[in-house]
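This briefing is meant to be read with the sequence and the model side by side. It begins with a question about strand pairing and then moves through the model topic by topic.

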Amino acid sequence: MSLTALSGNPYLEPEEAINTDLTTEWYFASAGYVTVGLFHKKLDNIIRSRAFDLDVSYGGEDYDVSAYGPANTGSGTIRGMEFSYSQFYDMLPGAWSGLGLQLNFTYIDQDGLEDPNEVSKGTLGFDENGNPLTDNRNTFRVFGGLPLQGYSDQNFNIIGMYEYEDISFRLAYTWRSEYLLTLRESEEYVPAYAEASGMMDASLYYTINDHWKVGFEASNLLDTETKTKYQMDQAGTKTQALNFTTDRRFALSVRATF
């Protein structure tokens with residue numbers, strides 16, 4: 001009989017990182033600047049889930065168990081660059097002088113961080129009657145060469161600003177490229193990715209006096225749909241998976257400072 005299991009790991013070592021950053025800034029106006037930054041992060045003892053075999057004895061019998069759980073999975077580097085720009089156009093006349101703009105772009109390159117899991121077809125699961133499942137939906141399928149979870153290669157933000165007398169306004173758009181959501185999701189037991197997407201938020205505040213401020217906030221103005229994909233084989237073939245939309249949200253707020 002073949003058995004499968006989800007496992008913990010009491011022998012995990014903490015992840016370690018050595019970070020090196022180099023940044024230059026140029027303040028070209030009283031309310032404006034440009035920055036360019038380079039970064040390099042050396043990561044060790046990266047914790048990711050992997051497949052491994054356990055020998056279990058129970059009731060005088062020995063069992064080979066195909067387990068899946070966390071482990072330290074090597075090392076690698078994250079490097080990249082960041083560009084930022086911010087300015088209020090206070091050279092404009094009157095109320096126009098409250099206009100401003102912020103831009104930020106980040107590029108990330110992963111090197112040596114691919115998941116070192118050995119490629120395996122996995123161990124078949126069993127139904128409630130002990131019969132093997134052969135549809136490949138409930139197997140411990142393992143894929144190698146996967147990137148770190150949650151890291152997009154490209155990230156972009158643009159914020160329109162307005163600050164004049166008692167009014168403060170922000171309109172922000174955020175975009176990120178495709179990224180790995182999880183090494184193995186719970187339906188198909190395969191890696192899941194989020195497609196590139198962008199969201200827009202806004203806020204408007206009015207200062208009543210030195211102590212009181214009222215405002216209005218809105219999130220996901222574009223009603224962005226988050227689309228995901230499953231990686232179905234080691235070659236990287238992806239298929240459309242679950243799509244969902246985060247609610248638009250609106251809030252009124254009152255802030256007090258004493």
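Which residue in β15 is the bridge partner of K227? The partner is N243, and the register that this pair marks belongs to the antiparallel pairing of strand β14 (residues 225–231) with β15, which are joined by six bridges. The model is a predicted one, and the points below concern its sheet, its nonpolar cores, two polar side chains and its aromatic pairs.

**Overall make-up**

- The secondary structure of the chain comes to 16 strands and zero helices.
- The chain has 258 residues, of which 29% count as buried.
- Among the contacts between residues at least 6 apart in sequence, 63% join residues that are at least 24 apart.

**The four-stranded sheet**

- Four strands form an open sheet in the order β10-β11-β14-β15, and their pairing is antiparallel.
- The edges of this sheet are β10 (179–182) and β15 (238–245), each of which pairs on one side only.
- On average, and with direction ignored, neighbouring strands of this sheet are turned by 35° against each other.
- Strands of a sheet pair through backbone hydrogen bonds, in either a parallel or an antiparallel manner.
- At one end of the strand order, β10 pairs with strand β11 (residues 192–194) in the antiparallel sense over three bridges, and T182 stands opposite A192 in β11.
- The hairpin of β14 and β15 has six residues between its strands, and G236 takes a positive phi near 95° in this hairpin.

**Nonpolar cores**

- The largest nonpolar core has 10 residues, namely Y68, F143, L146, L180, L183, V190, A192, Y193, Y230 and A241.
- A192, the residue that T182 faces across the β10 and β11 pairing, is therefore one of the buried residues of this core, since a nonpolar core is made up of buried residues joined through side-chain atoms within 4.5 Å.
- Y230, another member of this core, touches E185, E187, E188, V190, P191, A192, T237, K238, T239, A241 and L242, when residues up to four places away in sequence are not counted.
- Apart from this core lies another one, of seven residues, including L43, I46, I78 and L113.

**N72 and its surroundings**

- N72 lies in strand β5 (residues 61–72) and counts as partly exposed, because its relative accessibility is 27%.
- The side chain of N72 reaches the backbone nitrogen of E13 at 2.9 Å, while a polar atom of the N72 side chain lies 3.0 Å from the backbone oxygen of N45.
- With residues up to four places away in sequence not counted, N72 touches Y11, L12, E13, N45, I46 and I47; I46 among these belongs to the core of seven residues.
- N72 and E15 are 57 residues apart along the chain, and their C-alpha atoms are separated by 8.1 Å.

**S84 and its surroundings**

- S84 is found in strand β6 (residues 76–88) and is buried, because its relative accessible area is 13%.
- The side chains of S84 and N104 are joined by a polar contact of 2.8 Å.
- Leaving out residues up to four places away in sequence, S84 touches Y33, V34, T35, L103 and N104.

**Aromatic pairs**

- The structure holds six aromatic pairs.
- One of them joins Y27 and Y33 in a tilted arrangement, at 5.8 Å centre to centre and with 45° between the planes.
- Y27 counts as exposed, because its relative accessibility is 55%, whereas Y33, which also touches S84, counts as partly exposed at 30%.
- W212 and F258 form an edge-to-face pair, at 5.8 Å centre to centre and with 85° between the planes.
- This pair links distant parts of the chain, with W212 in strand β13 (residues 212–219) and F258 in the segment after β16 (249–256), 46 residues apart.
- W212 counts as partly exposed at 38% relative accessibility, whereas F258 is exposed, with a relative accessible area of 79%.
- Ring pairs also link W26, F28 and Y85 into a cluster.

Terms used
Residues are numbered from 1 along each chain as its sequence is written. This is a predicted model: local features need pLDDT of at least 70, side-chain atom pairs count only at pLDDT 80 or more; totals for chains, interfaces and linings use all residues. Side-chain values use heavy atoms; hydrogens and water are left out. Two strands pair if DSSP finds at least two bridges between them. Helices (H or I, at least four residues) and strands (E, at least two) are DSSP runs, numbered from the N terminus. Axes are lines fitted to C-alpha atoms, for helices over the stretch in contact, and angles run from 0 to 180 degrees between N-to-C directions. Buried means under 20% relative accessible area, exposed over 50%, partly exposed in between (1.4 Å probe, protein chains only). Contact means heavy atoms within 4.5 Å. A polar contact is a pair of N or O atoms within 3.5 Å; within protein, one must be able to donate a hydrogen and the other to accept it, and residues adjacent in sequence count only if both atoms are side-chain atoms. Rings of Phe, Tyr and Trp (its six-membered ring) pair if their centres lie within 6.5 Å; planes under 30 degrees apart count as stacked, over 60 as edge-to-face and the rest as tilted.
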